[in-house]
Amino acid sequence: MAQANPTNGFQPKTVVAQSFEPGTRFLDNGVYLYGQSPQRDQIGLAYMVFEINQGQMVGAFYMPHSTFDCFWGTPQGNGLALTVVDTYTQETHPYAIGFNPSVVAASTSGGADQRVSLEGFYPIESISQADRQILETCKSDLSQRKAGN
């Protein structure tokens, strides 16, 4: 989303991150929630809920008690290459989030378990029913968009 949506206050930006080691996997198939705060439902902060299935992502950016903007994309290079759909105009905008690699723990082979997080976002483990409903809405929207092309 290249422009801020004045109605929901979310102001995305493109973040460039450092490169990470070859072979570092991003996330396995599944549903994930990230937030600009490690706590849920903080007013004025953005969250993203998304599902990864075979390297393809679909999800939404949202702020508590506000609208949400759907997105789809893939992990590419040093980050996520996303296309965000503005809720009100239905226009699409490119958007990128950088990976932030971090060493989590040393392994028994002397290496390190390296996990990749997202620049500016914290992983949140519990995914609510409301998060799942937003995600299902975006998955349905993406299916309709693909069927319409």
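Colleague: How much area does the protein chain expose, and what share of it do carbon and sulfur atoms supply?

Modeller: Accessible areas come from the Shrake-Rupley method with a 1.4 Å probe, and for residues only the protein chains shown count as cover. In this case the protein chain exposes about 8400 Å², of which carbon and sulfur atoms supply 48%. This is a predicted model, in which local features need pLDDT of at least 70, side-chain atom pairs count only at pLDDT 80 or more, and totals for chains, interfaces and linings use all residues. Residues are numbered from 1 along each chain as its sequence is written, and side-chain values use heavy atoms, with hydrogens and water left out.

Colleague: Which rings does Phe50 pair with, and how is each pair described?

Modeller: A pair of aromatic rings is described by the distance of the centres and the angle of the planes. Rings of Phe, Tyr and Trp (its six-membered ring) pair if their centres lie within 6.5 Å; planes under 30 degrees apart count as stacked, over 60 as edge-to-face and the rest as tilted. The whole structure holds seven aromatic pairs. One of them joins Tyr34 and Phe50, stacked at 5.8 Å centre to centre with 15° between the planes. Phe50 and Phe71 have ring centres 6.5 Å apart and planes at 50°, so this pair is tilted.

Colleague: Is Phe50 buried or exposed?

Modeller: Buried means under 20% relative accessible area, exposed over 50%, and partly exposed in between (1.4 Å probe, protein chains only). Phe50 has a relative accessible area of 0% and is therefore buried. Tyr34, at 4%, also counts as buried, and Phe71 is buried at 1%.
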